[in-house]
Amino acid sequence: MEEKDPIMERRAREAENSNGTLKSLLVVAIVVAVILAAALAFIWINKNNLVEELEGEKQELTIQMENLRQDYDSISSDYESINRQLDTSKAEVAQLLDRLKKTEATNRSQIRKLMRETETLRRIMRNYIVQIDSLNTLNHKLKKAAASARKDAEQTRRANAELSQQVQDLSGRVAVGSIIKARGIRLVAHNRRDKETSRSSRVKSLLTFLSLVENDLAKKGNITVYVRIKDPSGAVLTNDRMISFDCNGETLVASASRKVDYQGEEVELCIYLNDIESYTKGIYTVEAYTEQALLGTAELMLR
């Protein structure tokens, strides 16, 4: 039996051990490579997912801004101050859209900032809507109140006009009612013996008899009664006294007059006309007046 060489055996064992080590190292390297490849694949996939997510967020933010701009465009107001604020906010929304278009989706801090600014503008828009609704409600109330005030004013005006008319009518009735009236007017001729006569050749004076009737509305105090006696030709008989008076703005010549104290109670009086040179035959007419109105008339026939 041939003896084995110890050296060769040792070398064989060393070579076998070395091959085992290489194989182990190769396995380890392969495992490490597989792990690194898996890690790289995971990172790449996550990065792509993140980019897609960020792109989606940017797209969603773009849609929100577009909707916000449309919402601002749909707001209308009748108030100049709010319209100026709306124009400013609309310009800010347009600027945000422009900035968003220029911002990369991966710039998360800038995207978040734009989101916050968008939300701020949305809150401002809601505040505008609340203000406009409040102002419209107030304006409606004010218009309603103004319409009610105008209606009340018109009713008051009509009531005042009616009251004024009533006062005017009442004043007119009082004015008419306050005019002194007379009754029992008579024209009588007297001769030199103060006896009644109807012969023109014997007449010395003409007497006018009348009574001022009772009137509580009439002015109290001294009242002058005037008489105008006309001869058959229509001429007013006058003597040297030449009396004149005003009645309702017209100046008239009187034949004679008499002042009496009138206190609202009936007063009887007689007014004399003397110092007329002669009388002719015919009908004589007497008109009795106060400065307010004609009291009445009477006639006398002289033969």
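In strand 2, which residue is the bridge partner of Ala182? The partner is Leu212, and that pair is a good way into this fold.

Before going further, some ground rules. This is a predicted model, in which local features need pLDDT of at least 70 and side-chain atom pairs count only at pLDDT 80 or more, while totals for chains, interfaces and linings use all residues. Residues are numbered from 1 along each chain as its sequence is written, and side-chain values use heavy atoms, with hydrogens and water left out.

**The overall picture**

The protein chain comes to 3 helices and 9 strands. Helices (H or I, at least four residues) and strands (E, at least two) are DSSP runs, numbered from the N terminus. Along the sequence, the pattern reads α-α-α-β-β-β-β-β-β-β-β-β. Of the 303 residues, 30% count as buried. Here buried means under 20% relative accessible area, exposed means over 50%, and partly exposed is in between (1.4 Å probe, protein chains only).

The protein chain exposes about 20800 Å², and carbon and sulfur atoms supply 52% of that. Accessible areas come from the Shrake-Rupley method with a 1.4 Å probe; for residues, only the protein chains shown count as cover. Among contacts (heavy atoms within 4.5 Å) between residues at least 6 apart in sequence, 67% join residues at least 24 apart.

**A stop on helix 1**

Ile30 sits in helix 1 (residues 6–74). With a relative accessible area of 47%, Ile30 is partly exposed. Together with Leu26 and Val34, Ile30 makes a nonpolar surface patch of about 290 Å². Patches are made of residues with over 30% relative accessible area and no salt bridge; like charges are joined within 9 Å, and nonpolar side chains (Val, Leu, Ile, Met, Phe, Trp, Tyr) within 5 Å. A salt bridge, in turn, is a side-chain nitrogen of Lys or Arg within 4 Å of a carboxyl oxygen of Asp or Glu.

**The sheet of three strands**

Back to where we started. Strands 1, 2 and 7 form an open sheet in the order 1-2-7, with antiparallel pairing. Strand 1 (182–190) and strand 7 (267–273) each have a single partner strand and stand at the edges, so one side of each is left without a neighbour in the sheet. From one strand to the next, the twist averages 15 degrees. Axes are lines fitted to C-alpha atoms, for helices over the stretch in contact, and angles run from 0 to 180 degrees between N-to-C directions.

Two strands pair if DSSP finds at least two bridges between them; strand 1 and strand 2 are joined by 7. Strand 2 (residues 205–212) also holds Ser211, which is buried at 9% relative accessible area. Leaving aside neighbours within four places in sequence, Ser211 is in contact with several residues, among them Lys181, Ala182 and Val267.

Over in strand 7 we find Ile271, buried with a relative accessible area of 2%. Outside its neighbours within four places in sequence, Ile271 has contacts including Leu206, Val225, Val227 and Ser257. The C-alpha atoms of Ile271 and Lys259 are separated by 9.7 Å, with the two residues 12 apart along the chain.

**The sheet of four strands**

The other open sheet to look at has 4 strands in the order 6-3-8-9, again with antiparallel pairing. Strand 6 and strand 9 (294–302) are at its edges with a single partner strand each, so each has one side without a neighbour in the sheet. Neighbouring strands here are turned by 20 degrees against each other on average, direction ignored.

Strand 3 (residues 221–230) is largely enclosed by the rest of the structure, because 7 of its 10 residues are buried. Tyr226 has a bridge partner in strand 6, Ser257, and another in strand 8, Tyr289. Arg228 is matched with Glu287 in strand 8.

**A hairpin, and the pairings side by side**

Strand 4 and strand 5 make a hairpin with 2 residues between the strands, where Asn248 takes a positive phi near 55 degrees. Asp246 stands opposite Thr251 in strand 5.

Here are some antiparallel pairs with their bridges:

| Strand pair | Bridges |
|---|---|
| Strand 1 and strand 2 | 7 bridges |
| Strand 3 and strand 6 (residues 256–262) | 7 bridges |
| Strand 3 and strand 8 (residues 282–289) | 5 bridges |
| Strand 4 (residues 243–247) and strand 5 (residues 250–254) | 5 bridges |
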